[in-house]
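Grab a coffee and open your viewer. Try each task on your own before you read the solution.

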Amino acid sequence: MSGTRLAEPVKQPTMGRAVANILKGSAGNLIEWYDLYVYAAFSSYFASSFFNGKDPAQAQIDAYLTFALTFLMRPVGSWFFGRFADRRGRRAALTLSVSLMGLGSLLVAVLPTVAQIGVWATVLMYASRLLQGFSVGGEYGTSATYMSEAAVSGKRGFFSSFQYVTLVGGQVLALLTLVILQQTLGEQAIHDWGWRIPFFIGAAASLLVLWLRRTMDETITVEQREAIHTADGPQPGTLKLLFTRHWKQFLVVVFFTMGGTCAFYLYTTYILSYMNNVSHIPKAQTSVINFWALLLFMLIQPLFGWLSDRIGRRTLLIVFGVLGTVFTWPIMSTLATVHDPVPAFLLMVAALLIVVNYTSVNAIMKAELFPSSVRALGVGLGYAVANSLFGGTTPLIGEWLSAQGHKEWLFTYVTITIALSLVVYIFFLPKDRPEDLD
């Protein structure tokens, strides 16, 4: 590991330098998540071109299955990029991850359909999603680590909340692209070829972000890097170190994430299909509903991050756990009976006001559980395992249960996962946050 030399980081960054680094990291995070979620936003338009073209409902289920497959690659990506980031530096890992994400988007943008190359179109679609799942698997843990380390002490909750500002911002941009194309091209043109446009946009934006990320400051000190070669015992960034000395924190991250990720994907991803197929609200209206609700959700992340610096991360997580357990069923069952866009919007906003208590603080809370030698790996892999098992499968489970006539079973499933995470928040998280990250 001696071939790459890290730039000397600023151990106590000034406010201006911290803001610059957070913005550069956030820009990459934004495009990473745009590239990921544009697939979900446009899946109803291209599903029949790559999956079961004779049965639209089955084609949509297959499209969500492919979306879920990206989550199977997240643990692999988290292991690879977590090890890479803990040993070679956060900046190098973040630069590589956005490069691979752009490549995956370009592949989808130019991919021939089943009508043109047969089953190979489906296979290549799977390959593109697996590549992007691998990339995003590394993005979460590394960016969460970078933002927490680059932040000014005492304001880490505020700065780290920008991870979900950009994560949700990626969804907002994907929906904005969808709304613009719906208003300019029309439904048929999007079905025929317009769905390729957002993937070209993502690939092009990745090139810009690649340059931005190469100018970020490194947050691993030279002393920490040199310690890699001199420390006794398991080496930094390895599974051996994680599972021999920090396995308890790893399990906490998995069960900590379980309820939050199910709620997040329920209310930000699956809800679009739910409003279309269950509430029977037209696609053009649901796109607008989701856009404005997610824009508000994005903007309030820093407010709750700032609040966590004052009242504690654990307090907000407990609020999420209690409200999520109590109100998931009422919100979703009521939404099933709503056919007007205004009350549907209000119900979605109510749900997201609950979820923000999790999203705004979860990254920094996880980062604070691990030392720098295994932080990117511990945060990323724990998050990826929980997302693979729970979050990424939520839209698929919801679509399948709805097709079987049991849509309410999904509400029960999500409620149980939130309740189990609440137990972790109450009994297994530290009550006091550290003043500084080591």
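What follows is a set of short exercises, each with a worked solution.

This is a predicted model, so local features need pLDDT of at least 70 and side-chain atom pairs count only at pLDDT 80 or more, while totals for chains, interfaces and linings use all residues. Residues are numbered from 1 along each chain as its sequence is written, and side-chain values use heavy atoms, with hydrogens and water left out.

**Exercise 1. Get the overall picture**

Work out how many helices and strands the chain has, and what share of its residues count as buried.

Solution.
- Step 1: Start with the elements, which are DSSP runs numbered from the N terminus (helices: H or I, at least four residues; strands: E, at least two). The chain has 21 helices and 0 strands.
- Step 2: Now burial, where buried means under 20% relative accessible area, exposed over 50% and partly exposed in between (1.4 Å probe, protein chains only). Of the 438 residues, 59% count as buried.
- Step 3: Turn to the surface, with areas from the Shrake-Rupley method (1.4 Å probe; for residues, only the protein chains shown count as cover). The chain's accessible surface is about 16500 Å², and 68% of that belongs to carbon and sulfur atoms.
- Step 4: Finish with contacts, meaning heavy atoms within 4.5 Å. Among the chain's contacts with a separation of 6 or more, 85% are between residues 24 or more positions apart.

**Exercise 2. Follow the salt bridges**

Find how many salt bridges there are, and which residues are linked in a network.

Solution.
- Step 1: Set the rule: a side-chain nitrogen of Lys or Arg within 4 Å of a carboxyl oxygen of Asp or Glu. By that rule the count is 3.
- Step 2: Take Asp-86 and Arg-90, whose closest N and O atoms are 2.7 Å apart. Both of these residues are buried.
- Step 3: Go on to Arg-313. Its side chain meets that of Asp-309 at 2.8 Å, N to O, and Arg-313 also forms a salt bridge with Glu-368 at 2.9 Å.
- Step 4: Place the second of those pairs. Glu-368 lies in the loop between α18 (362–367) and α19 (375–391) and Arg-313 in helix α16 (residues 313–335), so the pair ties together parts 55 residues apart in sequence.
- Step 5: Put it together: Asp-309, Arg-313 and Glu-368 are linked in a network of salt bridges. Asp-309 and Arg-313 are both buried, and so is Glu-368.

**Exercise 3. Check a helix**

Test whether the end-to-end length of α14 agrees with its residue count or disagrees, then list what its buried residues pack against.

Solution.
- Step 1: The expected span is 1.5 Å times one less than the number of residues. With 17 residues (283–299), α14 should span 24 Å, and its end C-alpha atoms are 24 Å apart, so the two agree.
- Step 2: Pick out the buried residues of α14, including Ile-289, Phe-291, Leu-294 and Phe-297.
- Step 3: These buried residues pack against α8, α13 (247–277), α15 (301–311) and α17 (341–359).

**Exercise 4. Compare two loop neighbours**

Are Ser-279 and His-280 buried or exposed?

Solution.
- Step 1: Ser-279 sits in the loop between α13 and α14, and so does His-280.
- Step 2: Ser-279 has 0% relative accessibility, so it counts as buried. His-280 is exposed, at 56%.
- Step 3: Leaving aside neighbours within four places in sequence, Ser-279 touches Tyr-274, Leu-335, Ala-336, Val-338 and His-339.
- Step 4: Look at the backbone. Most residues other than glycine have a negative phi. His-280 has a positive phi of about 60° although it is not a glycine.

**Exercise 5. Find the greasy surface**

Which residues form the nonpolar patch on the surface, and which elements give two or more residues to it?

Solution.
- Step 1: Patch residues have over 30% relative accessible area and no salt bridge; like charges are joined within 9 Å, and nonpolar side chains (Val, Leu, Ile, Met, Phe, Trp, Tyr) within 5 Å.
- Step 2: The patch is made of Val-76, Trp-79, Phe-80, Leu-239, Phe-243, Trp-247, Leu-251 and Phe-255, with about 690 Å² of accessible area together. α3 (74–88), α12 (239–245) and α13 each give two or more residues.
- Step 3: Zoom in on Phe-255, in helix α13. Phe-255 is partly exposed, with a relative accessible area of 40%.
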